[in-house]
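User: Please take a close look at one part of this model, the open sheet in the second chain. I would like a connected account that also places it in its chain and then turns to the partner chain.

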Amino acid sequence: MIRSDAPVLLEINDLCARVEDQPILKGVNLTIRSGEIHAVMGRNGSGKSTLSKVLAGHPAYTVTAGSVLYRGENLLELAPEQRARTGLFLGFQYPVEIAGVNNLEFLRVATNARRTEQGLDELDTFAFEDLVRERLGVVQMDPAFLERGLNEGFSGGEKKRNEILQMALLEPLVAILDETDSGLDIDALRIVAGGVNQLAGPDNATLLVTHYQRLLDLITPDYVHVMAAGRILRTGGKDLALELERDGYDWVDQELARLGAEPAEVG
Amino acid sequence: MSTAATVGDLVSQPYKYGFVTDIQTEKIAKGLSEDVVRLISAKKEEPSFLLDFRLKAYQQWLKMEEPDWAALGHPKIDYQEIIYYAAPKQKDKKASLDEVDPKLLETFEKLGIPLSEQKRLSNVAVDAVFDSVSIATTYKEKLAEHGVIFCSISEAVKEHAVLVERYLGTVVPTSDNYFAALNSAVFSDGSFVFIPKGVECPMELSTYFRINSADTGQFERTLIVAEEGASVSYLEGCTAPMFDTNQLHAAVVELVTLDDASIKYSTVQNWYAGDENGVGGIYNFVTKRGQCRGARSKISWTQVETGSAITWKYPSCVLQGADSVGEFYSVALTNHRQQADTGTKMIHLGPRTRSTIVSKGISAGHSSNSYRGLVQMGTKAIGAKNYSQCDSMLIGDRAAANTYPYIRSQQPDASVEHEASTCRISADQLFYLQSRGIGFEEAVSMMVSGFCRDVFNQLPMEFAAEADKLLALKLEGSVG
């Protein structure tokens, strides 16, 4: 849903970042307005996963140049937890397991951190259970997972569902989903994509980072960006994804050679 | 970046109990000899049985060698460089708290242990020990109404000599080990608890140990006796100022339960641990043992060990009475250059005796954390059972964790079960929690308390939350 007068949620200007001594992002530009769904595609090592981690504030990455405005404010100044509380969400490619931390309790603490920032009352355990049971429907998750350790012993698909459940509870303004489709069978992919579609609305935005077209068959993006060597090389509509599916990424190398850029090695 | 700033702020948090109270102290000269042992006994105006006990221990100690089997390394301790008795100067024994030096009251208040009538912790009676002497014991009269004796061991030696003579050294004999022998020769103060037959102690009892002087050793001695059907819950806490020299703390704790009695003994140990380079800190060599003499009696140890440069400590249970029960719940946390070698011994002598061991070791920084435990099934321990669980959590990649379980069984009809696991807190786990709006400190605390939950559940309610906070504080700056 594109409206050129919709407010800008995220504005990335010439963003450069490195991990240790390795530059990875080399001037990313991207503007996301509310109501939009963007897809960032690219080969392994193109920098697309790094982009999502930098936006969420992963401490391993250092921003060396450029700016990111989130609702008009400097996102890069905020601690990761503060980014989350104000409505930036990262769905992880590989959600970590945290044994001993109860999933339900974790979800409640996270939800309340977000609510407090929004000026809403914290939910007590009873009120929260009502909410979480309702939101479980979004990803058709078995309530038994609430009583387990956080992602502890979850299958790949269960972890991804737990990510989307968190998204459903936190109601982010900008949801960045990093390779949410990886490791999912077709049924799990449908459920997860269905969840994302339900949560996308006129007041929020979604940034899908993905390798394959198959997720985009289920979630229709308004924009598709192709990343290579740490920058966005091309932007188009949903047809660009189909074009990539058909022709592959070989043109990227020619384009890079023409620009005289070296491909990034890590992503 | 902002995350780094947060971590930086947290790292710089000092050990908040590291202050020194400026008070005149009476100290004897450095060094240990038979004369020093006699002098300590004379200062405390002790009966002759106790002087004999001390002298015998001293003679045994002279013939012993400092043990070196633990996974610990430290420069040799010079026992002649230690002061064996230090006491704040004040008039003899105080008739009431109003006469205690206000500086001492202030010190304990600063430590969160108010002793004055108005501010006392409700339902917790406290014995406050400063260097070598007990300063005050609260709620003594109220406890006396129930027949419960709770006072310093020095006072007990005078007022309840018969009881002390009957039980002292019967669980940990003077020759038990090097540090127990040293303690028996020079012990200064500590607590004495006696719960008579059939009495359930009406409040929590607690002793708070404070080392203040720089070159003084602390040698506390605690004795708790629960007669038939009696029960008590006891908690000890300890802190020390920050000095760049090491101080020796060698305590002995003895517990005795008769038929159907139970003692729950909890420790929150927060001695000064030294700085991040391992300079200074307490050497903590402690012998703690309980003897379930009576049938169906129970002794439960819960410890949260967060302080000390070196911890050498194995609270144990001798399960002598039939159907008696021993428990050991431990959280040991080491950071920076701290070293801990701690665990338990469960000695099953009687039939159908049962024991449970739950040990959680957390190592961060360059520290080393070892669990060492013995489960022994004697020839008469028919139908005895033990269950042990030892879990280690590593934070960062420079810390070490070891588990040394020893199992000896002379009874085929006894069962011993041992489980062990190791896990690691990673920067990615912390980032995951942070990216869900959970602050750094709360994230560490969530993960550590999740890991320690089984042990914290055993602590008296008032202290469980405190233990949680203490661990989070100790770990600040060790991750990320």
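Analyst: What follows describes the sheet of chain B, then two buried positions in that chain, and then the helices and contact side of chain A. The model is predicted.

The sheet is open and has ten strands, in the order β4-β3-β7-β9-β12-β14-β17-β19-β21-β23 of chain B, with mixed pairing. At its edges stand β4 (133–137) and β23 (415–425) of chain B; each has a single partner strand, so one side of each is left without a neighbour in the sheet. On average, neighbouring strands are turned by 10 degrees against each other, direction ignored.

Within the sheet, strand β19 (residues 354–363) of chain B and strand β21 (residues 385–395) of chain B run parallel and are joined by ten bridges. Ser363(B) is found opposite Leu394(B) in β21(B). Helix α10 (residues 440–456) of chain B packs on the sheet, where it touches β14 (298–305), β17 (325–334), β19, β21 and β23 of chain B. The direction of α10 makes about 165 degrees with that of β19(B).

The chain around this sheet has eleven helices and 23 strands. The C-alpha trace of chain B spans about 65 × 60 × 45 Å along its principal axes. Its radius of gyration is 22 Å, which agrees with the value near 23 Å that a compact globule of 480 residues would have. Of the 480 residues in chain B, 56% are buried. Among contacts in chain B between residues at least 6 apart in sequence, 83% join residues at least 24 apart.

Two positions in chain B give local detail. Ser213(B) sits in the loop between β7 (204–210) and β8 (221–226) of chain B. Ser213(B) has 23 other C-beta atoms within 10 Å and is therefore buried. In sequence Ser213(B) is 192 residues from Thr21(B), yet their C-alpha atoms are 8.8 Å apart in space. Leaving aside neighbours within four places in sequence, Ser213(B) is in contact with Thr25(B), Lys27(B), Ile83(B), Ala86(B) and Asp131(B).

Pro88(B) belongs to strand β2 (residues 86–88) of chain B. It counts as buried because it has 21 C-beta neighbours inside 10 Å. With neighbours within four places in sequence again left aside, the contacts of Pro88(B) include Thr25(B) and Asp131(B), and Thr25(B) and Asp131(B) are also among the contacts of Ser213(B). Pro88(B) further meets Ile23(B), Asp101(B), Leu104(B) and Phe130(B).

Turning to chain A, the contact between the chains takes 24 residues from chain A and 23 residues from chain B. On the side of chain A that touches chain B, the elements that give two or more residues are α2 (80–85), β7 (98–102) and α3 (103–117) of chain A. The residues on that side divide into 16 nonpolar, four polar and four charged.

Helix α3(A) also packs with helix α5 (residues 156–170) of chain A, at an angle of about 35 degrees and with the axes 9 Å apart. Their crossing is right-handed. Leu107(A), Ala110(A), Thr111(A) and Arg114(A) in α3(A) meet Gln166(A), Leu169(A) and Leu170(A) in α5(A). By type, the residues of this contact are four nonpolar, two polar and one charged.

In helix α1 (residues 48–56) of chain A, nine of the nine residues are buried, so the helix is largely enclosed by the rest of the structure. The buried residues include Lys48(A) and Lys53(A). Gly57(A) follows α1(A) and has a positive phi, near 95 degrees.

Technical notes: Residues are numbered from 1 along each chain as its sequence is written. Chains are lettered from A and ligands numbered from 1 in the order in which they are written. This is a predicted model: local features need pLDDT of at least 70, side-chain atom pairs count only at pLDDT 80 or more; totals for chains, interfaces and linings use all residues. Two residues are in contact if their C-beta atoms, placed from the backbone, lie within 7 Å. Helices (H or I, at least four residues) and strands (E, at least two) are DSSP runs, numbered from the N terminus. Ala, Val, Leu, Ile, Met, Phe, Trp, Tyr, Cys and Pro count as nonpolar, Asp, Glu, Lys and Arg as charged, and the others, Gly among them, as polar. Axes are lines fitted to C-alpha atoms, for helices over the stretch in contact, and angles run from 0 to 180 degrees between N-to-C directions. A crossing is left-handed if the near helix is turned anticlockwise from the far one by less than a right angle, and right-handed if clockwise. The radius of gyration is taken over C-alpha atoms; the globule rule is 2.2 Å times the number of residues to the power 0.38. A residue is buried if 20 or more other C-beta atoms lie within 10 Å of its own, exposed if 12 or fewer, and partly exposed in between; C-beta atoms are placed from the backbone. Two strands pair if DSSP finds at least two bridges between them.
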